[in-house]
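Got the structure open in your viewer? Let's take a walk through it, one selection at a time.

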Amino acid sequence: MRSLIDVKKAVTNKVQTNTDKTVINGQVGIGLGGVGRSKKHESADKQVAGAAIYVDDRPSLRGELHAAVGQSTMAHANIISMDLSAVKAAEGVVKVITVEDVPGHTDIGPVFPGDPVLAIGKVEFVGQPLFAVAATSFDLARKAVKLAKIEYEELEAVLTVKDALAKKNFVRPPHSLKRGDSDSAIAAAEHQLSGEIKVGGQEHMYLEGQVSTAEPTEDGGMNIYTSSQHPSEVQKLVAEVLDIPLNKVLVDMRRMGGGFGGKETQAAPWACIAALLANETKRPVKFKLARLDDMVMTGKRHPFENNYTVGFDEKGQIKGVNIEVNGNCGYSPDLSDAIVDRAMFHSDNAYYLDQATITGNRCKLNTVSHTAYRGFGGPQGMMTIELIMDEIARHLGKDPLEIRKINLYGKDERNVTHYDQTVEHNNLSEIIDSLEESSDYQARRQAITEYNANSSILKKGIALTPVKFGISFTVQHLNQAGALVHVYTDGTIHLSHGGSEMGQGLNTKVAQIVAEEFQVDVDTVACSAARTDKVPNSSPTAASSGTDLNGKAAEAAAKTIKQRLIDFACEKYDVEAGQVQFENNNVIVGEQTFSFAEFSQIAYMNRVSLSSTGFYKTPKIHYDRAAGKGRPFYYFATGACVSEVIIDTLTGEYKVTRTDILQDVGASINPAIDIGQIEGAFVQGMGWLTTEELVWNEQGRLLSNNPATYKIPAINDAPEDFRVALVPNAPNPERTIYNSKAVGEPPFMLGIAVWSALKDAIASVADYKVSPKLDTPATPERVLFAVEAVKASTTAGTAK
Amino acid sequence: MVANTIKFLLNNDVVEIENLDPNTTVLQYLREQQFKSGTKEGCASGDCGACTVVLAELDAENSKQLNYKAVNACITFVGNLHGKQLITVEDLKDGAKLHHAQQTIVDNHGTQCGFCTPGFVMSSFALHKHNQNPNRDEVLEALAGNLCRCTGYRSIIDAAITSSENTDDDSFAKHYQDTLATLNEFTKLPTPTLNGNGNTYLAPQNIDELATELVREPKSTLLAGGTDLALSVTQNLAVVKKLVYIGNVAELTTLEETDTEIVIGSAVPYSEFIDTLHHYYPDLGDMIERIGAKQVRNTGTLGGNVGNASPIGDMPPALIALGATMTLHLNGVERTILVEDYFVDYKKTVLQTSEFIKSIQIPKPVAGQTLKLYKISKRLDDDISAVLAAFFIEQDGQKITKVRLAFGGMAAIPKRGPAAEAALLGKDLTKESVALAKAALATDFQPMTDVRASDKYRMTVAQNLIEKCYLELQSAHTREVIETRVVNY
């Protein structure tokens, strides 16, 4: 018996969800604060008017200089000598520094050492910063760095994953997750398959490139204005390179022009270098990376090369599986240990693996150090198991959807992951069944088969893929957040929290939460820049955790102030706590009604503290990495996607013609923002798997180093028919902020449906009897060669 | 007479610039000289559209009409502002009221990080100035040069598709007559020049002035839209000493038709001749809509695309296949050659010192002739081709009486495939002759592997396109519809 979600009751992207008018599930949002309502992005009016200020838009500071760095032209070499005399003599140059001039730490590795702020005697990738220049203009700094004469002694470079594996060249030790005896289970199963897949990396291509300004302070400290997802880490690293205490460094982060993980660790080097130059010159220094430099010098999504062996029964259910995920980490550890861990955790995606061995290798290559990117290894891990689903289906001659369904985690059995976490509150089977129905999957599947039989050149394909994504930092201590709330005497509210706004609407949602607490208009809450002097020791805004963590912290701060106001009201007006109500911008005390502004003023006059911090840490999570067992995730976010594509079998060109998504965001705090996250994540995920191709040459130089050669989806690539719905009436059973669910990363992996649909279209060329091999990104070139390979394999089959 | 300034309208204010390095881009000028930071730098290479601004210009035919064009400020040199109105995102609000192009994006939740937003606003603004009820296709065409990494575009499309019919009372409409009057006054100004940092910019107004200048200063660099030249400055940090802008030269900016030809001045931007070419050669019109994006087609020219002799320009193979000619001008002396004969080797042409391209002549189609064009790229929009195939075939019944198979991206220059053509010429167009042509193509070209495609893909797809062309022609004969293009799907 299929239980279906009533998708007709869902909030979708087809209904204009304008500002205040949204009604959720037949109910108007709870009060004026607007939790549950589609409040517009707090910066929207400024953004459309060109009035939103990004770091590079800040007025120049007096005497401001501009930084640039000289870059390595070798992938792996010892530096014999650096002749910087021409650089120093160049027009506009005020200061040139090398690592010798760094007063404090020279290594700025975020977790493990390995990232020198400027090269120390050797280089390990093309583009590695060698020395830094401060000059009077952006262009003069960029011109000057090209005048250096560097002598190298070339060393052997490792430039392929294969080579790194053969040489056991790793940035961190290999690690395994194991349940049962997978080898025996595979051997005992009725069917066995094995295979491999190369999964390409991804350039973040945030529209605003990396930028930081460092301004020396009067006491030897530094104020930093940066575009960073992790202001506290920038603070710590700047303090360390300058050898000064943390309390002398202030980091201010108002907004980013996109982050996607690319400004989690990758924003810090430029802030550190700007700070070093500012410290030397005693002048403010801005360091903005030109787009090409940004693409060459900053890390990307890890490319992976994965392989598997799987055993399954005649129905296609997995009995045992061995999966090896090999992450190309680049030259240093950066965050790669946790990223490959997440790839291993998500090697199950939504499926029960039974007996399983998952091994993860952290390959060291002489390329830029790869880093966080939306999904954090999860997407690359999921690709293997989604490949396995398609392979089993073709092997057994079944629709891949049938195989996906039969392997889903169960509700009461078959519900424990390979790392021993029980999958609770699992609604994926309802989501998939509902989406199958609402997207008309079966009828379209039939129509596509007919179309393909009659169309010789163009072929269509369709696929439904699910996502189950674990929410929490797998590094436990990061699952904490702080906030600071002030109520002023005019009733307006100031909010600071440790999270950083990169466009995801975090400030809007957290402001809604604070407004909700006091039942005031959300416009009375002003959310300031994230500043390390307001909320200290913050975690990066990453892992989809921004609202979960900072929303709870801000709620706690607001609750503290609210309780003080209630206590004060009880004492002053001699009422019970139950007689104090916050309602409609008013505070009602017994029979009396005050405006919130009035009551704030009265409280102030009576010496009530109207400012409070708030703190939150995620409950329930624990994980024993050595044993590979525990509950690393507080809960799972789920969703599914159906995509339909059409391909040209003569050229490999293709188009995504329709996409239907059903995503569980719990009880949405802001449906419009959540829908925006889902749509954007899907298109970004689709880009990762289709047109976005990173190409390095044999010397380790990145060739796809600008937006003319690296193609993210443009407006025509968005599916013409694009239907997104939020699962209705689905509060998160865990006690998250207003029972919402995280939304930043999970829908990214819905893009996998496009890749699977492309393979479906290609498979039609041989009547679905052969499973096409399609590494990613599935560029038109790869699609064409996959078509030709499938054609060739059937011709060969006939010849036999 | 020459004035040592350039003059333009910055929104409603007349601005006169002297002593500014003419290598300065409009984006640098706005952000660093005018302290207007609403216009963003996303790539500084014309690929992302974050810096989109709008230029209002007098219509060439009708001096009572303004044309609003979206352009990339990051690859437009400041001299090209002369005589125009520059409108930036900061200018759109009318008092406290957001412009329709802004309000609709807010209402549709079309901003996330907001960094691309000013560019989308300006592209949408330009679109609505000429089309108050755009359909989805028109919106996509107008916004294809604006990249957004956050939203997935749906909300932005919904915003731009919203009718502006009842909101046509913006500040630009209110100032329309004043703007017209000022721009008409500007046309009476002497030839503009700009000097700074020892570099010069000159914008001759007629062909004699241009020819004389190029004889006097043979090392001048010709500038039209600048969509390629500007990259050498913003990306390679080159300095252009002497810029000569040809966009004001009357004889180079005309589009004419004779009985047998379409004559396109070398400095006419794509957006002004696309409709004419689409009328005669639908495939060519469709292909041009995929060259660059709106911002690039508003400034980029045919003379530039041919002139810089890139092996991956999209127009040269099309022009070669069509048997187009070009007229070159050197100090008063003109010669006309086949476009095909213009290219000598990688970035080498027959153009002599001080000589320039005046116009390109495209023959009009004759019954029995077909032009098929195929642009193959990783991304459908705003992407440089891996292969551009242009096939011109004339048939008498099934028999092929003329054939030109021209390719871009297959060699150091755009060129024809003589062996493949020989396999078809004089034969009936059949599966067999097509198979022979495909095989012969392998002797015509040895393509290279680069960031866009492998040598093998280039060859395979080029061969397959001959087959596709055959299938399309067959289906036209038999009237049996075979769907062959995902591009239009």
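Start with two helices of chain A, α10(A) and α11(A), which pass each other in a right-handed crossing. Keep in mind as you look that this is a predicted model. To find the pair, select residues 378-396 of chain A for α10 and residues 400-407 of chain A for α11. Their axes are 8 Å apart, and the helices pack at an angle of about 120 degrees. Angles from 0 to 180 degrees are sorted into classes, and α10(A) and α11(A) are therefore oblique to each other.

Now show the side chains where they touch. From α10(A), pick Met389(A), Asp390(A), Ile392(A) and Ala393(A); they meet Pro400(A), Ile403(A), Arg404(A) and Asn407(A) of α11(A). What kinds of residues make up the contact of α10(A) with α11(A)? Five are nonpolar, one is polar and two are charged.

**Another helix pair in chain A**

Next, select residues 231-242 of chain A, which is helix α6, and residues 268-281 of chain A, which is helix α7. The two axes come within 9 Å and cross at roughly 40 degrees. That angle makes α6(A) oblique to α7(A). The crossing of α6(A) past α7(A) is right-handed.

For a look at the contact, color Glu233(A), Val234(A), Leu237(A), Val238(A), Val241(A) and Leu242(A) on α6(A). Then give another color to their opposite numbers on α7(A): Ala268(A), Ala271(A), Cys272(A), Ala275(A), Leu276(A) and Asn279(A). Try reading the spacing of those numbers along each helix. An α-helix has 3.6 residues a turn, so residues three or four places apart point the same way. In the contact of α6(A) with α7(A), ten residues are nonpolar, one is polar and one is charged.

**Where the two chains meet**

Zoom out and show both chains. How many residues of chain B are in contact with chain A? The count is 67 residues of chain B, which touch 73 residues of chain A. On the chain B side, the elements that give two or more residues are α2 (100-107), α3 (117-130), α4 (136-143), α5 (154-161) and α17 (455-478). Select α17(B) here: it gives the most to this side, with seven residues. Sort the chain B side by type and you get 33 nonpolar, 20 polar and 14 charged residues.

Stay with one of those elements, α2(B). Is it mostly buried or exposed? Six of its eight residues are buried, so α2(B) is largely enclosed by the rest of the structure. The buried ones to click on are His100(B), Ala101(B), Gln102(B), Thr104(B), Ile105(B) and Val106(B). Their cover includes α1 (44-48) of chain A, as well as α3 and α5 of chain B. Step past the helix and you come to His109(B), which has a positive phi, near 55 degrees.

**A mixed sheet in chain B**

Switch to cartoon view for the sheets. Strands of a sheet pair through backbone hydrogen bonds, either parallel or antiparallel. Here, five strands of chain B line up as β3-β2-β6-β4-β5 in an open sheet with mixed pairing. At its edges are β3 (13-17) and β5 (66-72) of chain B, each of which pairs on one side only. From one strand to the next, the twist averages 30 degrees.

Within that sheet, select β2 (residues 6-10) and β6 (residues 85-87) of chain B, a parallel pair with two bridges. Click on Leu9(B) and look across to β6(B): its bridge partner there is Gln85(B).

**An antiparallel sheet in chain B**

Another open sheet has five strands in the order β11-β12-β17-β13-β14 (chain B), and its pairing is antiparallel. The edge strands are β11 and β14 (333-338) of chain B. The twist in this sheet averages 20 degrees from one strand to the next. Select β13 (residues 325-330) of chain B alongside β14(B) to see six bridges in the antiparallel sense. Thr325(B) has Leu338(B) as its bridge partner in β14(B). Add helix α10 (residues 270-280) of chain B, which packs on the sheet and touches β11 and β12 of chain B. The direction of this helix makes about 165 degrees with that of β12(B).

Last stop: Asp259(B), in the loop between β11 (255-257) and β12 (261-265) of chain B. Asp259(B) counts as exposed because it has 5 C-beta neighbours inside 10 Å. Finally, select Pro363(B), 104 residues away from Asp259(B) along the chain; their C-alpha atoms are separated by 9.2 Å.

Terms used. Residues numbered from 1 in each chain as written. Chains lettered and ligands numbered in written order. Predicted model: local features only at pLDDT ≥ 70, side-chain atom pairs only at ≥ 80, totals over all residues. Contact = placed C-beta atoms within 7 Å. Helix = DSSP H or I, 4+ residues; strand = E, 2+ residues; numbered from the N terminus. Nonpolar A, V, L, I, M, F, W, Y, C, P; charged D, E, K, R; others polar. Pairing = 2+ DSSP bridges. Axes fitted to C-alpha atoms, helices over the stretch in contact; angles between N-to-C directions. Buried ≥ 20, exposed ≤ 12 C-beta atoms within 10 Å, placed from the backbone. Parallel < 35°, antiparallel > 145°, perpendicular 65-115°, else oblique. Left-handed = near helix turned anticlockwise from the far one by under 90°.
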